[in-house]
Amino acid sequence: MTIRSMMIVGMLAIALLCDAQKSEPIPPDTMGTPGPIFGFVRDTACLLRNKNASVAKDAESRKCIIQCVGAGSPLAILTKSGELYMPLSAQLPDRDERRRLLPYAGKYVRATGRLFERGGTHAISIEKIEVVSSW
């Protein structure tokens with residue numbers, strides 16, 4: 001195979017990969033319900049393993065959040081009522097939203113977007129997020 005042929009094959013492969021990553025319009029019946037949530041952004045590991053875990057009220061809790069977030073633990077928004085909202089992207093195929101929540105880890109936020117619920121699991125496709133003083 002010549003260098004030129006290999007370049008053409010490579011370019012075609014890249015084009016196919018790019019096409020596979022294109023976002024598709026989300027069908028209206030899967031858009032969720034618009035609304036806001038107020039909560040505390042933190043890692044999910046402690047919340048799921050420890051039923052008493054909540055917001056970071058002391059140095060030990062803050063240390064745990066920092067260690068878990070630094071190790072790559074998924075992030076979510078914990079509401080005052082104890083609901084845990086996982087982030088969804090506003091695109092299909094869904095994209096990782098962890099980077100978007102990282103600056104808010106350990107903080108209270110108001111997130112506005114599209115809300116989803118299924119079988120007790122909650123999610124939000126965040127359109128706007130801002131730090132608030134507390135709930």
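Let me begin with what I mean by a contact, which is a pair of residues with heavy atoms within 4.5 Å of each other. With that in mind, and bearing in mind throughout that this is a predicted model, consider the contacts in the protein chain between residues at least 6 apart in sequence: 68% of them join residues at least 24 apart.

Let me turn to the overall layout. The protein chain holds 4 helices and 5 strands, and if you follow the sequence along, these elements come in the pattern α-β-α-α-β-β-α-β-β. Of the 135 residues in the protein chain, 29% are buried. The accessible surface of the protein chain amounts to about 9100 Å², and carbon and sulfur atoms account for 58% of that surface.

Now to the strands, where I would like to spend a moment on β1, which covers residues 33-43. Strand β1 is joined by 8 bridges to strand β4, residues 108-118, and the two run antiparallel; within that pairing, F38 stands opposite R110 in β4. Strand β1 is also joined to strand β2, residues 75-79, in this case by 5 bridges and again in an antiparallel arrangement, with F40 standing opposite L78 in β2. So that you can find these on the screen, F38 with R110 and F40 with L78 are convenient pairs to look for.

Staying on β1, the residue I would like to discuss in some detail is R42, which lies in that strand. Is R42 buried or exposed? With a relative accessible area of 3%, R42 counts as buried, because the cut-off for that class is under 20%. As for polar partners, the side chains of R42 and D43 are joined by a polar contact of 3.3 Å, and a polar atom of the R42 side chain lies 2.5 Å from the backbone oxygen of S54. Leaving aside residues up to four places away in sequence, R42 touches L47, A53, S54, I65, P74, L75 and A76. S54 therefore appears both in that list of contacts and as the residue whose backbone oxygen lies 2.5 Å from the R42 side chain, a contact here being heavy atoms within 4.5 Å.

My last item is a point of backbone geometry. In general, most peptide bonds are trans. Here, however, a cis peptide bond joins L92 and P93, with omega at about 0°. Where does P93 sit? P93 is found in the loop between β3, residues 84-88, and α4, residues 98-101.

Definitions and conventions: Residues numbered from 1 in each chain as written. Predicted model: local features only at pLDDT ≥ 70, side-chain atom pairs only at ≥ 80, totals over all residues. Heavy atoms only, no water. Pairing = 2+ DSSP bridges. Buried < 20%, exposed > 50% of the residue type's maximum accessible area, 1.4 Å probe, protein only. Areas by Shrake-Rupley, 256 points an atom, 1.4 Å probe, with all protein chains shown as cover. Polar contact = N/O pair within 3.5 Å; in protein donor to acceptor, adjacent residues only side chain to side chain.
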